[in-house]
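Student: Could you take me through a close look at one part of this model? I would like to follow a single side-chain to backbone contact and then see what surrounds it.

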Amino acid sequence: MSIYLGFQWDIEVRNRSGQLVVAVEVKTKLNAAPDWAAKFRSNLLAHEEAPKAPYFLMAFPDRLFLWIESDGQLDREPDYIIDAVPIFQPYFERTGIQPEQIYGDSFTLMVGAWLSELTLSKNLAETSYQSQSWLIDSGLYSAISGGQLQYEELA
């Protein structure tokens, strides 16, 4: 495992070749507006140390915002706004925690568990997310399939 002392995303997903393909920021805020998420993303990406990735995902207990990096424009709305309730509900049910009660590191682990399922599945139909066409349409599923997750050091 390599040691990186600079900026690190909450979760980084690397493809089979070890290249960063998805930068993930995890927040426990509920009802985040797309423009709020866009400003937050813009501020993060303005840091020169921030590693760049083809995909940027902001995960909230009730929403996912996905950007596909194509033009380098920082201040823009997400390409995909996804209802995250059906995605994370099984995790919340298993833990017995309500979305409004979850803390940062716990939710980061939950998001990581979901992403791990996706990276390890040989076929999207193997998971309970086959109805999530955005995973295929965006190219995200293909980009992370067989990949690995790296977490920012959790407190």
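Tutor: Happy to. A polar contact here is a pair of N or O atoms within 3.5 Å, where one must be able to donate a hydrogen and the other to accept it. Keep in mind that this is a predicted model.

With that in hand, look at asparagine 31 and aspartate 62. The backbone nitrogen of asparagine 31 lies 2.8 Å from a polar atom of the aspartate 62 side chain. Both partners sit in loops: asparagine 31 in the one between strand 2 (20-26) and helix 1 (34-45), and aspartate 62 in the one between strand 3 (55-59) and strand 4 (63-68).

Are these two residues buried or exposed? Asparagine 31 has a relative accessibility of 61%, so it counts as exposed. Aspartate 62 has a relative accessible area of 15% and is therefore buried, since buried means under 20%.

The backbone of asparagine 31 deserves a glance too. Most residues other than glycine have a negative phi. Asparagine 31 is not a glycine, yet its phi is positive, at about 60°.

Now widen the view around aspartate 62. Setting aside residues up to four places away in sequence, aspartate 62 touches Lys29, Leu30 and Asn31, and also Ile82, Asp83, Ala84 and Val85. Another link across the sequence is to phenylalanine 88: its C-alpha atom is 8.0 Å from that of aspartate 62, although the two are 26 residues apart along the chain.

Phenylalanine 88 takes us to a pair of helices. The axes of helix 2 (residues 85-95) and helix 3 (residues 104-120) come within 10 Å and cross at roughly 125°. The two helices are therefore oblique to each other, and their crossing is right-handed. Helix 2 contributes Ile87, Phe88, Tyr91, Phe92 and Thr95 to the contact, while helix 3 contributes Phe107, Met110, Val111, Ala113, Trp114 and Glu117. By type, these contact residues divide into 9 nonpolar, 1 polar and 1 charged.

Val111 of helix 3 leads on to strand 2, where valine 24 lies. Valine 24 is in contact with Val111, and also with Trp9, Asp10, Ile11, Leu57 and Leu115, leaving aside neighbours within four places in sequence. Its relative accessibility is 0%, so valine 24 counts as buried. The C-alpha atoms of valine 24 and isoleucine 11 are separated by 5.0 Å, with their positions 13 residues apart along the chain.

For a second side-chain to backbone contact, go to glutamine 8, in the segment before strand 1 (11-14). A polar atom of the glutamine 8 side chain lies 3.3 Å from the backbone oxygen of tyrosine 151. Beyond four places in sequence, glutamine 8 is in contact with Gln150, Tyr151 and Glu152. Like aspartate 62, which is buried, glutamine 8 is buried, with a relative accessible area of 18%.

Finally, set all this in the whole chain. There are 5 helices and 6 strands, which follow one another in the pattern β-β-α-β-β-β-α-α-α-α-β. Of the 155 residues, 46% count as buried. Among contacts with a separation of 6 or more, 61% join residues 24 or more positions apart.

Terms used. Residues numbered from 1 in each chain as written. Predicted model: local features only at pLDDT ≥ 70, side-chain atom pairs only at ≥ 80, totals over all residues. Heavy atoms only, no water. Axes fitted to C-alpha atoms, helices over the stretch in contact; angles between N-to-C directions. Helix = DSSP H or I, 4+ residues; strand = E, 2+ residues; numbered from the N terminus. Parallel < 35°, antiparallel > 145°, perpendicular 65-115°, else oblique. Left-handed = near helix turned anticlockwise from the far one by under 90°. Contact = heavy atoms within 4.5 Å. Nonpolar A, V, L, I, M, F, W, Y, C, P; charged D, E, K, R; others polar. Buried < 20%, exposed > 50% of the residue type's maximum accessible area, 1.4 Å probe, protein only.
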